[in-house]
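Hi everyone, thanks for making time this morning. I have one structure to walk you through, so let's put it up on the screen.

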Amino acid sequence: MTFINYASREINCKIVYYGPGLCGKTTNLQYIYDSTAPTAKGKLISLATETDRTLFFDFMPLELGTVRGFKTRFHLYTVPGQVFYDASRKLILKGVDGVVFVADSQEERMDANIESLFNLEENLKSNGYDLTKIPYVLQLNKRDLPNVVPVPDLVTELRRRDEPVHEAVAATGTGVFDTLKSIAKLVLTELRKS
Amino acid sequence: MTDTPIIMREQQYGRIIAVLSKLRLDSFARVVFLVDKNGQEIAVQGEVGGLDTTSLASLAAGNVAATGGMAKLIGEKEFPTLSHEGERESIHICIIGRTLLVVVFDDRSSLGLVKLRVKQASRELATIFEEITRESEQTAQDNPLLAGITDDDIDSLFSS
Ligand SMILES: Nc1nc2c(ncn2[C@@H]2O[C@H](COP(=O)(O)OP(=O)(O)O)[C@@H](O)[C@H]2O)c(=O)[nH]1
Ligand SMILES: [Mg+2]
C-alpha cells in the first residue's frame with residue numbers, strides 16, 4: 001500500500017518479486033543492489049537458510065529520484081519459492097503495490113512456473129487483489145541457458161493479460177533494470193489514477 | 001485495484017512525533033518508532049545514530065506478520081504485543097490498528113514500564129491514525145500531488 005508522507009516528502013511503494021524456487025528473484029535484487037549508488041539504497045536484508053535459499057523474504061529499499069518534489073522510495077521484496085513456504089508468501093503480498101513474476105525459462109521448470117503463477121493468483125485473491133487489475137510485469141529469466149523454451153511459447157503459456165514482458169539474464173543483469181522500470185512506472189501510473 | 005494510499009499530513013506527523021517523543025522520555029527507551037504493518041517507517045524518535053531503522057521497520061513488520069500467521073493457525077486473531085528480551089537491548093512491539101509501535105530499550109528501562117507507557121500512548125496514536133485513514137480515503141480521490149504526476153515525471157525518474 002502506497003504511503004505518502006507530506007512531512008518527509010516521500011512516496012513509498014511496495015513491489016514483490018514472485019516466482020518458483022531458484023528462478024532468480026534474489027539474483028534480481030542482488031544485481032539492483034550491486035549497481036545502485038550507496039546513497040540511493042538501504043541494506044539488502046536476506047532471511048535465508050544456511051544453504052542460501054530464501055526462508056522468509058529478501059528486502060531492499062531503493063530511492064529512484066523525485067516526482068513533484070517527493071522522493072520516490074520503492075521497497076523491493078522477494079518471496080521464498082519452495083512450495084511449502086506458502087504461508088510466508090501470502091504474508092509478503094499484503095499491501096503490495098506491484099508484482100513482478102520471474103519465470104525460469106528452462107524447459108524442465110515450465111511446470112514450476114505454471115504452478116507458481118497459479119499460486120500467485122490464489123494468494124493475491126486471498127489478500128483481496130486481482131492479478132488482472134494490479135500493476136504487473138512478467139520477466140522471462142535465464143535466457144542465457146541452452147535448454148530454454150522459445151519466448152513466444154512462454155508468452156502463450158504464462159502471459160495473463162497485457163502485461164509488459166521482459167527477457168532477462170539476472171545473473172549478469174540483462175533486463176533487470178528494464179523490469180524494475182517497467183513495474184515502477186505501472187505503480188506510479190496506477191497511483192495517479194487512484 | 002491496490003489499496004488506497006495512506007496520506008499523512010505534516011500536522012499529523014507532528015502530533016505523532018509528539019506522542020513518540022513523550023513515550024520515549026516516560027519509558028526511558030532508546031528509540032521509539034511507528035511502522036506501517038507493511039514495514040514502512042512512519043516516524044522515529046530517539047537515539048537513532050547508527051541504527052538501520054528502515055531494515056528494522058521491515059523486519060518488525062515481518063515478525064508481526066509471521067506471529068500473526070501462527071496466531072490464526074491456533075485460532076487466535078493476532079498476538080497484540082510481542083517482546084524480545086536480549087542481554088542488554090530489548091524490543092517491544094505493539095499492534096495499533098494498521099500500524100506497529102516499536103520500542104527499543106536497554107537496562108535503563110524495564111519491560112513492565114515500557115508496556116505501561118505503550119498502553120497510554122497507543123490510545124493517542126490510534127486516534128491520530130483513524131483520522132489519517134479517514135482523510136486518506138477522501139483525499140486520495142482528488143489529491144493534487146497524485147493527479148499532477150505526468151508521464152514525463154515518471155520517465156524522468158529513469159533518465160539517468
Ligand atoms: N544461468 C543463469 N543463472 C541464473 C540466472 N539468474 C539466476 N541464476 C542462478 O540461479 C540460482 C538461483 O537464483 P536465486 O536468485 O537464488 O533464485 P530465487 O530462489 O528465485 O531467489 C542461482 O545459482 C543464480 O546464480 C540467469 O539469468 N542465468
Ligand atoms: Mg531467493
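Let's start at ligand 1, where one of its oxygen atoms sits 3.3 Å from a polar backbone atom of Cys23(A). Do keep in mind that this is a predicted model. Two side chains also come in here. For Lys25(A), an N or O atom of the side chain is 2.8 Å from an oxygen atom of the ligand. For Thr26(A), the corresponding distance, again from a side-chain N or O atom to a ligand oxygen, is 2.7 Å. And how much of ligand 1 does the protein bury? On its own the ligand exposes 580 Å², and the protein buries 74% of that.

Now let's widen the view to the shell. There are 14 residues around ligand 1, and those that come nearest are Leu22(A), Lys25(A), Thr26(A), Thr27(A) and Asp144(A). Which element gives the most to this shell? That would be helix 1 of chain A, residues 25-34, with three residues. If you like to sort by class, the shell is made of six nonpolar, five polar and three charged residues.

Let's move over to the interface between the two chains. Chain A brings 48 residues to the contact, and chain B brings 41 residues. As you know, interface size is often quoted as the accessible area lost when the parts come together. Here about 4,100 Å² is buried between chain B and chain A, with carbon and sulfur atoms giving 63% of it.

What about the polar side of things? Between chain B and chain A we count four salt bridges. One to click on is Arg192(A) with Asp151(B), whose side chains meet at 3.1 Å, N to O. There are also 12 residue pairs in polar contact between these chains, counting pairs with both residues at pLDDT 80 or more.

So where on chain B does this happen? The elements giving two or more residues to the side that touches chain A are strand 1 (6-8), helix 1 (10-27), helix 2 (53-73), helix 4 (144-147) and helix 5 (151-156) of chain B. Helix 2 of chain B gives the most, with seven residues. By class, that side of chain B has 19 nonpolar, 13 polar and nine charged residues.

Last, a look at chain B as a whole. It has five helices and six strands, and from the N terminus the order reads β-α-β-β-α-β-β-β-α-α-α. Along the principal axes, the C-alpha atoms of chain B fill a box of roughly 55 × 40 × 35 Å.

Thanks, everyone!

Methods
Residues are numbered from 1 along each chain as its sequence is written. Chains are lettered from A and ligands numbered from 1 in the order in which they are written. This is a predicted model: local features need pLDDT of at least 70, side-chain atom pairs count only at pLDDT 80 or more; totals for chains, interfaces and linings use all residues. Side-chain values use heavy atoms; hydrogens and water are left out. A residue is near a molecule or strand if one of its heavy atoms lies within 4 Å of it. A polar contact is a pair of N or O atoms within 3.5 Å; within protein, one must be able to donate a hydrogen and the other to accept it, and residues adjacent in sequence count only if both atoms are side-chain atoms. Accessible areas come from the Shrake-Rupley method with a 1.4 Å probe; for residues, only the protein chains shown count as cover. Helices (H or I, at least four residues) and strands (E, at least two) are DSSP runs, numbered from the N terminus. Ala, Val, Leu, Ile, Met, Phe, Trp, Tyr, Cys and Pro count as nonpolar, Asp, Glu, Lys and Arg as charged, and the others, Gly among them, as polar. Contact means heavy atoms within 4.5 Å. Buried area is the accessible area (1.4 Å probe) that two parts lose on being put together, summed over both.
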